[in-house]
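User: Could you walk me through this model and explain the reasoning behind each label you use?

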Amino acid sequence: MAETTVEQMTAPLEKALKNNAPELGVERVVAIERFTSGLSSQSYGVDVETGDGPVRWVMRVEPEHGVIPPYDIAREYRLLREVHAAGLPAPGVFLLEEDASVVGGPFIMMHFIEGAIYRNTDARLSEDLALLADVQERFIDMLARIHETPQSVLPNFETGQEAARAEVAVCRHRLKMTELLPSPVLRHALDVLDEHAPPAEKIGLLHGDYRLPNLMWKDGEISGVLDWELARVGDPLSDLAFTQTIGRGVCSLEGELATKYSERTGVEIDEKRVNYYRLLEMVKGTIIGLAGAYDLANGGADLRLMSVARIAAAGQAMMGALESQLEQYLEA
Amino acid sequence: MIVLDSAQILAAIRRSLETHVLPQLTDDFAQVQVLAALKALDEVGHRLDNGDPAEHSYRLIEAGVRELAESVRSESPDLSAGLDAALSAVAEGDAPRDRLRQLGESLWALYSASEGPGADELLAILQAEALRTMSEDNAWICPEAIASLT
């Protein structure tokens with residue numbers, strides 16, 4: 001089925017907001033703008049006239065297809081509510097609409113977060129080292145806060161091994177759902193990860209996609225932490241490893257920055273475990289990227305996914321080296 | 001349109017999109033979709049000229065597997081027979097992509113069940129081909145598509 005266009009969404013969305021959430025005081029949906037960044041779900045800016053004046057909200061729609069199956073936007077809604085209430089600057093969600101007929105999929109509505117995003121290539125960061133150091137400091141502090149935040153929405157685990165194996169199982173399931181041709185590199189890496197799942201010093205909430213472009217900044221502070229759909233519970237070193245691999249950039253938490261994270265949280269940087277999670281994060285990211293091809297083969301209409309799948313496939317080149325490093329640590 | 005061959009039709013579509021559609025678009029998302037479509041048309045054109053890459057990939061794996069089957073025939077007769085059987089089981093009339101899938105699945109199952117001599121070599125054949133195709137695929141990345149996401 002063809003994706004619902006912005007034009008097709010406006011009238012049914014207005015009707016649904018008026019009928020199903022009268023407390024919002026919606027008088028008119030003025031405009032809907034699709035955000036082009038992000039692939040996993042479709043995000044839109046929604047300009048609305050309410051009884052209290054104009055407002056801008058953000059709508060995230062669970063895609064019919066997509067690169068992170070299986071989707072559960074209702075769970076994302078509950079998690080966002082919980083971490084927002086716990087004091088993290090996650091988007092403030094206020095509506096979950098599970099009727100897929102309104103805009104082409106279940107959706108959540110959240111307040112628009114004011115702020116700007118730093119890209120890894122941002123000239124402001126390369127030209128102002130004091131600003132870069134401040135951004136890195138706040139990046140670390142926010143990650144530590146996430147890791148310390150209690151939650152009751154996501155499945156919890158007793159041990160690091162259990163958490164790691166659960167994530168490997170999720171990756172294996174995603175690969176099975178989306179693999180168009182057998183992928184020996186990924187299948188082998190998953191077997192290695194399953195076999196060598198390490199214990200953890202600590203288990204906590206992980207963001208799962210913690211990178212600079214997923215943070216909003218206002219007045220020098222982080223005003224928003226976005227894109228929580230890969231959040232899970234596990235070893236915090238997994239989020240660190242993510243910043244060194246898929247999320248690599250000016251805030252990669254390695255060397256001095258990793259030490260700062262360790263000093264802030266008390267979590268020891270165990271290179272053996274970090275290496276394990278580098279491999280896991282590479283495998284996870286590669287499977288998600290390759291799912292773009294599956295999406296296109298099954299009705300998806302965003303042609304950028306072809307390029308995403310190709311970039312993701314390139315991640316396979318690193319897996320052999322990461323597996324070898326893991327074996328070396330095990331032998332040491 | 002029998003008077004045009006497939007490559008000519010693709011080239012005409014490409015020129016139309018580039019000349020008449022792309023310059024008229026003001027929406028960033030629509031623009032990047034057209035740019036990605038142009039890249040995809042180039043890839044299809046390349047396939048028309050050079051054949052389905054799945055067929056080439058199949059042939060490379062097949063050659064490696066035949067060589068491996070021969071080299072382990074005395075020390076790993078079961079694996080050797082399994083490799084021969086995997087090649088024979090592929091349906092000749094199927095599309096190249098389906099044949100590649102069938103062979104890949106059979107060989108992975110064989111690798112997963114093998115421990116003796118030849119198993120690592122089999123994995124190496126499969127992984128090397130995955131990495132080779134990955135590197136060939138890089139030519140068809142649309143940089144604007146990636147830039148729009150980061």
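Analyst: Happily; this is a predicted model, and we can take the domains, the chain interface and some salt bridges in turn.

User: Let's begin with chain A. How is chain A divided?

Analyst: Chain A has a domain 1, covering 6–111, and a domain 2, covering 123–331. The C-alpha centres of these two domains of chain A are 26 Å apart.

User: How many residues of domain 1 of chain A are in contact with domain 2 of chain A?

Analyst: On the domain 1 side of chain A there are 27 residues, and they are in contact with 36 residues of domain 2 of chain A. Together the two domains of chain A bury about 2500 Å², and carbon and sulfur atoms give 64% of that area. Leu79(A), Leu88(A) and Pro89(A) stand out here: they supply 23% of what domain 1 of chain A buries against domain 2 of chain A, more than any other three residues.

User: What makes the pair Arg60(A) and Asp227(A) a salt bridge?

Analyst: The cut-off is 4 Å between a side-chain nitrogen of Lys or Arg and a carboxyl oxygen of Asp or Glu. Arg60(A) and Asp227(A) have an N to O distance of 3.0 Å, so the pair falls within 4 Å and earns the name. Across the interface of domain 1 and domain 2 of chain A, 2 salt bridges are found, along with 5 residue pairs in polar contact. Helix H2 of chain A, residues 73–85, gives the most to the side of domain 1 of chain A that touches domain 2 of chain A, with 7 residues. By class, that side of domain 1 of chain A has 14 nonpolar, 7 polar and 6 charged residues.

User: Staying with helix H2 of chain A, where Glu76(A) has its place, why is Glu76(A) counted as buried or exposed?

Analyst: A residue is called buried under 20% relative accessible area. Glu76(A) has 8% relative accessibility, so Glu76(A) counts as buried. Leaving aside residues up to four places away in sequence, Glu76(A) touches Arg60(A), Ile108(A) and Glu229(A).

User: Now the two chains. How many residues does the contact take from chain B and from chain A?

Analyst: Chain B brings 30 residues to the contact and chain A brings 27. The area buried between chain B and chain A is about 2500 Å², with 68% of it on carbon and sulfur atoms. Phe29(B), Trp108(B) and Leu149(B) supply 25% of the area that chain B buries against chain A, more than any other three residues.

User: How do you know that Glu105(B) and Arg187(A) form a salt bridge?

Analyst: Their closest N and O atoms are 2.8 Å apart, and the limit is 4 Å, so the pair qualifies. The interface of chain B and chain A has 3 salt bridges and 10 residue pairs in polar contact. On the side of chain B that touches chain A, at least two residues each come from helix H2 (28–50), helix H5 (96–112), helix H6 (119–137) and helix H7 (143–147) of chain B. That side of chain B divides into 19 nonpolar, 6 polar and 5 charged residues.

User: What separates Glu62(B) and Arg59(B) along their helix?

Analyst: Glu62(B) and Arg59(B) are separated by about one helical turn, because they are 3 residues apart in helix H3 (residues 53–71) of chain B. Their salt bridge has its closest N and O atoms 2.8 Å apart. Glu62(B), at 14% relative accessibility, is under 20% and therefore buried. Arg59(B), at 38%, lies between 20% and 50%, so Arg59(B) is partly exposed. Both belong to a network of salt bridges that links Glu55(B), Arg59(B), Glu62(B), Arg66(B), Glu92(B) and Arg99(B).

User: And why are Arg132(B) and Glu136(B) given the label they have?

Analyst: Arg132(B) has a relative accessible area of 24%, between the 20% and 50% limits, so Arg132(B) is partly exposed. Glu136(B), with 43%, lies between those limits too and is therefore partly exposed. Both sit in helix H6 of chain B, 4 residues apart, about one turn of the helix. They form a salt bridge with closest N and O atoms 3.0 Å apart.

User: How many salt bridges does the structure hold over all chains?

Analyst: There are 41 over all chains. One of them joins Asp302(A) and Arg304(A), at 2.8 Å from N to O, and both of these residues are buried.

Methods:
Residues are numbered from 1 along each chain as its sequence is written. Chains are lettered from A and ligands numbered from 1 in the order in which they are written. This is a predicted model: local features need pLDDT of at least 70, side-chain atom pairs count only at pLDDT 80 or more; totals for chains, interfaces and linings use all residues. Side-chain values use heavy atoms; hydrogens and water are left out. Domain bounds come from an automatic or database domain assignment. Contact means heavy atoms within 4.5 Å. Buried area is the accessible area (1.4 Å probe) that two parts lose on being put together, summed over both. A polar contact is a pair of N or O atoms within 3.5 Å; within protein, one must be able to donate a hydrogen and the other to accept it, and residues adjacent in sequence count only if both atoms are side-chain atoms. Ala, Val, Leu, Ile, Met, Phe, Trp, Tyr, Cys and Pro count as nonpolar, Asp, Glu, Lys and Arg as charged, and the others, Gly among them, as polar. Buried means under 20% relative accessible area, exposed over 50%, partly exposed in between (1.4 Å probe, protein chains only).
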